[in-house]
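Please read the points below with the structure open beside you, taking one at a time. They are meant as a colleague's notes for someone meeting this kind of structure early in their studies.

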Amino acid sequence: MLERVAVLSDIHGVLPALEAVLAEPDVATADLIVLSGDLAAGPQPVEVLDLLATLGDRARWVGGNADRELVEARAGKTSPFEISNWAASQLRDDQVARLAALPLTVTLPVAGLGEVLFCHATPRNDEEVVLVDSRLDRWAEVFAALPAEVGTVVCGHTHMPFTRLVDRRLVVNPGSVGMPYGGAGAWWALLGPGVQLRRTGYDVDAACAQVSAGSTFPEAAAWADEYLRSRHSDADALVAFGPRDGR
């Protein structure tokens, strides 16, 4: 049984945001770090994957849609996102192979929460959208195949932190480390025995400068300004994502 688990999701290749979270005492002392997808599709993909690799057995990796799309882009299937096509071209073969092998879900026992299933979007799909205000029948649909013993589901994908109950199951979204919607900073979660949604502040001006200087992505400065400064609010994101949950 794990006493403390730190969950980092949607890092999106932003090295200074990742470094800030890994420096948190509660992350450094956690029994395990779960990386719940969309790790490298961003302006510093090689550097982020190399840093994550140093965590060794302290980390469990889960695949996200953007990770899959990097693998596909490397194989010749062009992504609609230019930064993903660029990032795919930067990765080493060993990094592509690691992303290709990532599981859709990981289930672990966590103190106070029981069996916790970690996924990127939903337990059955890496790009479905469910939101804090998704209706109960939508949640029932995406949870239909879950084993009864899973009492907590942790998902990412939509870059907005929340916790809510769904017919006796607790659902947690830690938010995004590298591309937050609704407020600047690196968002993550600490599990056990309850759930803490956390935000790590860092020098966003310095981080934007670091990303701009350290990335060869042609639009790195504009990308960093848009996403590290969280130009998109959670209200904007809910409106944009809403149609994708069937409403």
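1. Strand 2 is largely enclosed by the rest of the structure, because five of its five residues are buried. In this predicted model, both faces of the strand are covered, with Leu32, Val34 and Ser36 buried on one side and Ile33 and Leu35 buried on the other. This pattern is easier to follow with a general rule in mind: in a regular strand the side chains alternate between the two faces of the sheet.

2. Which strands pair with strand 2 (residues 32-36)? Strand 1 (residues 5-8) runs parallel to strand 2 and is joined to it by four bridges, and strand 3 is likewise parallel to strand 2, again with four bridges. As a general point, strands of a sheet pair through backbone hydrogen bonds, either parallel or antiparallel. Individual partners can be picked out on the model: valine 5 stands opposite leucine 32, valine 7 has valine 34 as its bridge partner, and leucine 35 stands opposite tryptophan 61 in strand 3.

3. These pairings belong to an open sheet of five strands, whose order is 3-2-1-9-10 and whose pairing is mixed. Strand 3 (59-62) and strand 10 (195-200) are the edge strands, each of them pairing on one side only. On average, and with direction ignored, neighbouring strands of this sheet are turned by 25° against each other.

4. Serine 9 deserves a careful look, since this residue is found in the loop between strand 1 and helix 1 (15-22). Is serine 9 buried or exposed? Serine 9 has a relative accessibility of 0% and therefore counts as buried. If neighbours within four places in sequence are left aside, the residues in contact with serine 9 include Ser36 and Gly37, then His120, and further along the chain Gly156, His157 and Ser176.

5. Turning to the helices, the axes of helix 4 (residues 65-74) and helix 6 (residues 93-100) come within 9 Å and cross at roughly 130°. That angle makes helix 4 oblique to helix 6, and the crossing of the two is left-handed. Where they meet, helix 4 contributes Asp67, Leu70, Val71 and Arg74, while helix 6 contributes Asp93, Val96, Leu99 and Ala100. The residues of this contact divide into five nonpolar, no polar and three charged. When you inspect the spacing of such residues, it helps to recall that an α-helix has 3.6 residues a turn, so residues three or four places apart point the same way.

6. Which residues of helix 5 (residues 82-90) are buried? They are Ile83, Ser84, Asn85, Trp86, Ala87 and Ala88. The cover over these buried residues of helix 5 includes helix 3 (45-53), helix 4 and helix 9 (220-227), so that helix 4, which also meets helix 6, appears in both descriptions.

7. Finally, glycine 246 lies in the segment after helix 10 (234-241). With a relative accessibility of 53%, glycine 246 counts as exposed, because the cut-off for that label is over 50%. Glycine 246 and valine 110 are 136 residues apart in sequence, and their C-alpha atoms are 32 Å apart in space.

Note on methods:
Residues are numbered from 1 along each chain as its sequence is written. This is a predicted model: local features need pLDDT of at least 70, side-chain atom pairs count only at pLDDT 80 or more; totals for chains, interfaces and linings use all residues. Side-chain values use heavy atoms; hydrogens and water are left out. Axes are lines fitted to C-alpha atoms, for helices over the stretch in contact, and angles run from 0 to 180 degrees between N-to-C directions. Angles under 35 degrees count as roughly parallel, over 145 as roughly antiparallel, 65 to 115 as roughly perpendicular and the rest as oblique. A crossing is left-handed if the near helix is turned anticlockwise from the far one by less than a right angle, and right-handed if clockwise. Contact means heavy atoms within 4.5 Å. Ala, Val, Leu, Ile, Met, Phe, Trp, Tyr, Cys and Pro count as nonpolar, Asp, Glu, Lys and Arg as charged, and the others, Gly among them, as polar. Buried means under 20% relative accessible area, exposed over 50%, partly exposed in between (1.4 Å probe, protein chains only). Two strands pair if DSSP finds at least two bridges between them.
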